[in-house]
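Here are my notes on the model, set out as numbered points. Please read them with the structure open.

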Amino acid sequence: MTQKLVSIGDDYYVEDAAGNRVFKIDGKLLRVRDTLKMTDLESGDEYRLQEKLVRVKDTMTIQKNGQKAATVKKAFITPLRDRFTVSIRGMPDLKIKGNILDHEYKLLQNGERVGEVSKAWFRVRDTYGIEVSPEMDVGLVIACTVAVDMIASPTR
């Protein structure tokens, strides 16, 4: 995934390890809140990421095929590094810990790693990888990663 992915108003693609386009991200700017539409090019599943209008802390909701699937929230207190919590419908929460701005963090569920984001895997500038455990919804994890990116870097 490229960092410019969250530039609002442009379309971007997420590629798999073989370089095949697997998700299309359609950036749209609504009047009051940021919205992105993400489409799984293989299954046709659609994800909609939307910033909550009224909130105490940074929050984004994710819908999958029109149904609320997850809520991504930034922690109130972040002494050294950013932390996020992802509430997923019908599953235990995910904890996102690590260096968010440098794209070096893990997604944990019940203390077990279910995903990881890293720039260290690539030499190409502004590119980072997302590794997802087989039991997780790949599209949902990618949508969560995009939401974290948007919350952590709102000016991009």
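1. Start with the charged network: D45, K64 and D137 are linked by salt bridges. The model is a predicted one, and the count of salt bridges in it comes to 5.

2. Within that network, K64 pairs with D137, with the closest N and O atoms 2.6 Å apart. K64 belongs to strand β5 and D137 to the loop between β11 (129-132) and α1, so this pair ties together parts that are 73 residues apart in sequence. K64 is partly exposed, at a relative accessible area of 24%. D137 is also partly exposed, at 26%.

3. A second bridge joins the side chains of E131 and R113, at 2.7 Å from N to O. Here E131 lies in strand β11 and R113 in strand β10 (residues 112-118), so the parts tied together are 18 residues apart in sequence. E131 has 38% relative accessibility and counts as partly exposed; R113, with a relative accessible area of 40%, is partly exposed too.

4. K37 and E46 form a further salt bridge, their closest N and O atoms being 3.8 Å apart. K37 is partly exposed, with a relative accessible area of 31%, and E46 is partly exposed at 37%.

5. Q63 lies in strand β5 (residues 59-64). Leaving out residues up to four places away in sequence, Q63 touches E46, Y47, R48, K68 and A69. K37 is 26 residues from Q63 in sequence, and their C-alpha atoms are 9.5 Å apart. Is Q63 buried or exposed? Its relative accessibility is 31%, so Q63 counts as partly exposed.

6. On the nonpolar side, the largest core has 35 residues, and those touching the most other members are Y47, L49, I62, V72, V86, I96 and L107. Helix α1 (residues 138-152) gives this core its largest share, 11 residues. Among the contacts of I62 are Y47, L49 and V72, as well as L140, A143 and C144.

7. Aromatic pairs number 0 in the structure. The ring of Y13 does have a charged partner: the charged end of R21 sits over that ring, 3.8 Å from its centre.

8. For the overall layout, the protein chain has 1 helix and 11 strands, and in order from the N terminus the elements run β-β-β-β-β-β-β-β-β-β-β-α. Of its 156 residues, 42% count as buried. The chain exposes about 8,900 Å², of which carbon and sulfur atoms supply 46%. Taking contacts between residues at least 6 apart in sequence, 26% join residues at least 24 apart.

How values were computed
Residues numbered from 1 in each chain as written. Predicted model: local features only at pLDDT ≥ 70, side-chain atom pairs only at ≥ 80, totals over all residues. Heavy atoms only, no water. Core = buried A, V, L, I, M, F, W, Y, C linked by side-chain atoms within 4.5 Å. Buried < 20%, exposed > 50% of the residue type's maximum accessible area, 1.4 Å probe, protein only. Helix = DSSP H or I, 4+ residues; strand = E, 2+ residues; numbered from the N terminus. Contact = heavy atoms within 4.5 Å. Areas by Shrake-Rupley, 256 points an atom, 1.4 Å probe, with all protein chains shown as cover. Phe/Tyr/Trp six-rings, centres within 6.5 Å; stacked < 30°, edge-to-face > 60°. Lys NZ or Arg CZ within 6 Å of the ring centre and 35° of its normal. Salt bridge = Lys/Arg side-chain N within 4 Å of Asp/Glu carboxyl O.
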